Amino acid sequence: MSAPTQRAVILGGNRIPFARSNKQYAKATNLDMLTSAIDGLVARFGLAGENIGEVAGGAVLKHSKDFNLTREAVLGSALSPTTPAFDLGQACATGLEAVVSLNNKINAGQIESGIASGVDSASDAPIVVNDSMREILLELTRAKTMVQKAKIASQIRPAYLAPQAPSTGEPRTGLSMGEHQAITTAEWAITRQAQDELAVASHRNLAAAWESGFFDDLTTPYLGVSRDTNMRADSSMESLAKLNPVFGKKLSAEATMTAGNSTPLTDGASSVLLGSEDWAAEHGFTPLARLVDAEAAAVDFVDGAEGLLMAPAYAVPRLLARNGLTFDDFDVFEIHEAFASTVLSHMAAWESEEFCKEKAGLDKALGTIDRDKLNPLGSSLAAGHPFAATGGRIVASTAKHLKTTGKKRSLVSICAAGGQGLTAIVEAV
Ligand SMILES: CC(=O)SCCNC(=O)CCNC(=O)[C@H](O)C(C)(C)COP(=O)(O)OP(=O)(O)OC[C@H]1O[C@@H](n2cnc3c(N)ncnc32)[C@H](O)[C@@H]1OP(=O)(O)O
């Protein structure tokens with residue numbers, strides 16, 4: 001198989017600061033936030049009125065009226081209305097999938113430029129009526145006379161009025177992401193201390209990046225918010241130690257996962273500008289980095305054969321093998337912090353000879369990740385995790401980080417609901 005032509009480059013990104021759900025952005029819709037994230041990028045790169053090759057995006061929690069949320073955002077933005085756009089979905093990896101999709105289209109010569117985006121709002125989550133109520137409401141829309149409508153409406157029972165709120169539960173198991181991860185946490189014997197240390201590092205690194213002005217050309221203030229509201233610069237082991245466990249309490253009296261070492265429910269949106277090298281040169285844009293390859297994996301979590309969020313542990317060895325790379329070839333590891341213990345269980349798996357030989361098909365352990373290279377700009381524990389927006393946050397940040405520090409290569413890894421994971425290699429240009 002010959003290598004694809006590498007024409008696509010990452011040029012920059014823009015996101016709105018992420019906010020804890022039901023707080024500052026409680027009244028904003030997914031569409032409002034996505035449009036703002038795209039418009040901020042358009043303004044920063046002077047693309048108003050331009051026809052971009054394609055805009056890709058999505059949201060995990062979408063309303064049924066959102067046929068094509070990304071296209072609606074384009075129509076509401078300053079981009080040319082003749083810019084095509086499409087929604088895609090890969091749960092928490094949606095934002096990264098959008099980058100991979102447009103990157104590959106540019107490399108294939110199908111488009112010259114693209115904006116990868118993503119948004120999610122747990123505040124604007126769709127509330128769905130139950131099945132019986134849905135049938136009655138659909139029948140009502142078909143009724144022609146008042147008598148017919150009254151007859152159908154008379155079938156409504158009080159119990160039908162209870163809405164089905166969205167949840168972070170896996171449809172096939174009914175367990176929440178947190179409860180699934182608690183099983184994995186116990187399996188890999190990840191300690192509370194290790195989880196809290198990772199959380200403190202995430203807050204510390206994110207706060208330092210904001211303080212240094214790193215995000216000044218990667219974010220646009222929104223609804224009066226100018227920094228990620230979940231971030232706690234003063235986060236400490238002492239303050240985290242005070243929090244009670246929230247997940248895994250039924251599994252063990254010594255449950256370790258708390259609100260401090262789990263991602264909070266978050267609202268936010270992100271966007272990333274990609275273009276061919278020629279398109280970038282024509283517009284006078286300086287490339288930051290390049291996405292050189294990506295690998296997805298899925299695990300069989302339903303019968304408990306593998307942990308729900310463990311797919312990246314399988315994708316990364318395959319990605320590295322295909323590219324002839326080892327951990328030593330990476331300067332940065334951007335591993336999405338769904339929960340602190342998710343990152344720690346992936347790392348434990350890569351350090352385990354047994355896992356790597358028996359499950360990942362390697363002849364030895366993949367190795368240890370240098371902690372100084374892990375999430376140097378903070379990650380989802382501190383920034384929050386508006387599901388489909390996380391990939392864009394990570395790709396734009398790591399691309400700029402490589403460019404500004406002179407580092408060469410970053411490994412991006414995002415676990416997703418449904419037992420899936422998407423990973424990618426980003427290299428400086
Ligand atoms: C593929 C994937 O990404 S899977 C992941 C998908 N995402 C999820 O599943 C979301 C998981 N998170 C959640 O469900 C929720 O955020 C929970 C259950 C963990 C916590 O929810 P809540 O209890 O509402 O959180 P809340 O913000 O009130 O925090 C609880 C307490 O911890 C405190 N706290 C939270 N973080 C910290 C911290 N870093 N340092 C100190 N205290 C903290 C809060 O101040 C609060 O204290 P208070 O009760 O005195 O006010």
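**Note on the ligand site and other features**

1. The ligand is surrounded by 24 residues, and the closest of these are R20, R232, T263, H336 and H385. The model is a predicted one. By class, the shell around the ligand is made up of 14 nonpolar, 8 polar and 2 charged residues.

2. Three of the polar approaches to the ligand can be given with distances. R232 has a polar side-chain atom 3.0 Å from an oxygen atom of the ligand. For H336, an N or O atom in the side chain is 2.8 Å from an oxygen atom of the ligand. T263 uses its backbone instead: an N or O atom there lies 2.8 Å from a nitrogen atom of the ligand. On its own the ligand has 1000 Å² of accessible area, of which the protein covers 67%.

3. UniProt, in an unreviewed entry, places the feature "domain: Thiolase C-terminal" at residues 286–427. In the model this span is 36% helix and 21% strand. The C-alpha atoms at the two ends of residues 286–427 lie 14 Å apart.

4. Side chains of opposite charge can pair when their charged atoms come close. The count of salt bridges here, taking a side-chain nitrogen of Lys or Arg within 4 Å of a carboxyl oxygen of Asp or Glu, comes to 14. One of these joins D87 and K62, whose closest N and O atoms are 2.7 Å apart. The pair links distant parts of the chain, 25 residues apart. D87 is in strand β4 (residues 85–87), while K62 is in the loop between β3 (54–57) and α2 (69–76).

5. On the surface, L175, I183 and L251 make a nonpolar patch of about 230 Å². Of these residues, L251 can be placed in the loop between β6 (245–247) and β7 (257–258).

Definitions and conventions: Residues are numbered from 1 along each chain as its sequence is written. This is a predicted model: local features need pLDDT of at least 70, side-chain atom pairs count only at pLDDT 80 or more; totals for chains, interfaces and linings use all residues. Side-chain values use heavy atoms; hydrogens and water are left out. UniProt positions are given in the numbering used here, feature names are shortened, and annotations may be inferred rather than shown by experiment. Helices (H or I, at least four residues) and strands (E, at least two) are DSSP runs, numbered from the N terminus. Patches are made of residues with over 30% relative accessible area and no salt bridge: like charges are joined within 9 Å, nonpolar side chains (Val, Leu, Ile, Met, Phe, Trp, Tyr) within 5 Å. Accessible areas come from the Shrake-Rupley method with a 1.4 Å probe; for residues, only the protein chains shown count as cover. A residue is near a molecule or strand if one of its heavy atoms lies within 4 Å of it. A polar contact is a pair of N or O atoms within 3.5 Å; within protein, one must be able to donate a hydrogen and the other to accept it, and residues adjacent in sequence count only if both atoms are side-chain atoms. Ala, Val, Leu, Ile, Met, Phe, Trp, Tyr, Cys and Pro count as nonpolar, Asp, Glu, Lys and Arg as charged, and the others, Gly among them, as polar.
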